[in-house]
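Hi,

Here is the structure I promised to pass on. Have a look at it first, and then read my notes underneath.

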Amino acid sequence: METLIVLFGVFIATILINWLITKRFELAFSGRMAMAVMLVFTSVGHFVFSKGMAMMISFLPHANVIVFITGIIELIAAIGLLVPKTKALTGKLLILFFILLLPANIYAASHNINLQTADYTGKGTSYLWIRVPMQLLFIAWVYFSTLSNQSKIK
């Protein structure tokens, strides 16, 4: 839920600041800025909650290494979203990344993994009623702020 607060909060703040400065609404730029900040926020979790995140992908070899690498990938993607020449490629790769993350979330929910406490006190499969739509939102968000015709405006 914190990720949505960061995403929508930064999006609204960026729209308002941009409006005050330029008197224009630049939704694609605001969307990319919000996603970039959200990715920085979530990448911090890869380092702070690395044990719990490794539990989410314990079915893969070298789970701890993968957690750190994906945290770094999120930081690189945050930068890539804000560089005009790389935003489209970053958008395509982020959509793929978000699709690839879904099995880890399904595994964590089905095994009641709590990533923050690194134990089995998680919300269970009911969490998927929130997580799957949220993942679809992230995919749509990235598409509309990097790849759609609207994103070519700014």
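Below is what I found, going through helix packing, then a charged pair, then a few single residues.

One thing to keep in mind throughout: this is a predicted model.

**Helix packing**

Two packed helices are described by the angle between their axes and the distance between the axes. I have two such pairs for you.

Start with α2 and α4. Their axes lie 8 Å apart, at an angle of about 165°. Anything over 145 degrees counts as roughly antiparallel, so that is the label α2 and α4 get. The crossing of α2 past α4 is left-handed. On the α2 side, the contact is made by Arg32, Met33, Met35, Ala36, Leu39, Val40, Thr42, Ser43, His46 and Phe47. From α4 come Val67, Phe68, Thr70, Gly71, Ile72, Glu74, Leu75, Ala77, Ala78, Leu81 and Leu82. Sorted by class, the residues of this α2 and α4 contact are 14 nonpolar, five polar and two charged.

If you want one residue to zoom in on there, try Ser43, which sits in helix α2 (residues 27-48). With a relative accessible area of 1%, Ser43 is buried. Which residues does Ser43 touch, leaving aside its neighbours within four places in sequence? They are Gly71, Glu74 and Leu75, and these three also appear on the α4 side of the helix contact.

The other pair is α1 (residues 2-22) with α6 (residues 128-146), where the axes are 12 Å apart and the angle is about 30°. Angles under 35 degrees count as roughly parallel, so α1 and α6 are roughly parallel to each other. This crossing is left-handed. Here α1 contributes Thr3, Leu4, Leu7, Phe8 and Phe11, while α6 brings Met134, Leu137, Phe138 and Trp141. By class, the contact of α1 with α6 holds eight nonpolar residues, one polar and no charged ones.

**A charged pair**

Side chains of opposite charge can pair when their charged atoms come close. How many salt bridges does a search of the whole structure find? The search turns up one. It joins Glu26 to Arg24, with the closest N and O atoms 3.0 Å apart. Glu26 is buried, at 11% relative accessible area, whereas Arg24 is partly exposed, at 42%.

**Backbone: two positive phi values**

Since you may be checking torsions anyway, have a look at His62 and Asn112. His62 is a residue other than glycine with a positive phi, near 60°. You will find His62 in the loop between α3 (50-56) and α4 (63-82). His62 has a relative accessibility of 63%, and because the exposed class covers values over 50%, it counts as exposed.

Asn112 is also a residue other than glycine with a positive phi, in this case near 55°. Its place is in the loop between α5 (87-110) and α6. Asn112 is partly exposed, with a relative accessible area of 33%.

**One last residue**

Ile106 is in helix α5 and is partly exposed, at 38% relative accessible area. Between Ile106 and Ile95 there are 17 Å in space, C-alpha to C-alpha, for a separation of 11 residues in sequence.

That's it from me; shout if you have any questions.

Cheers

Key. Residues numbered from 1 in each chain as written. Predicted model: local features only at pLDDT ≥ 70, side-chain atom pairs only at ≥ 80, totals over all residues. Heavy atoms only, no water. Axes fitted to C-alpha atoms, helices over the stretch in contact; angles between N-to-C directions. Helix = DSSP H or I, 4+ residues; strand = E, 2+ residues; numbered from the N terminus. Parallel < 35°, antiparallel > 145°, perpendicular 65-115°, else oblique. Left-handed = near helix turned anticlockwise from the far one by under 90°. Contact = heavy atoms within 4.5 Å. Nonpolar A, V, L, I, M, F, W, Y, C, P; charged D, E, K, R; others polar. Salt bridge = Lys/Arg side-chain N within 4 Å of Asp/Glu carboxyl O. Buried < 20%, exposed > 50% of the residue type's maximum accessible area, 1.4 Å probe, protein only.
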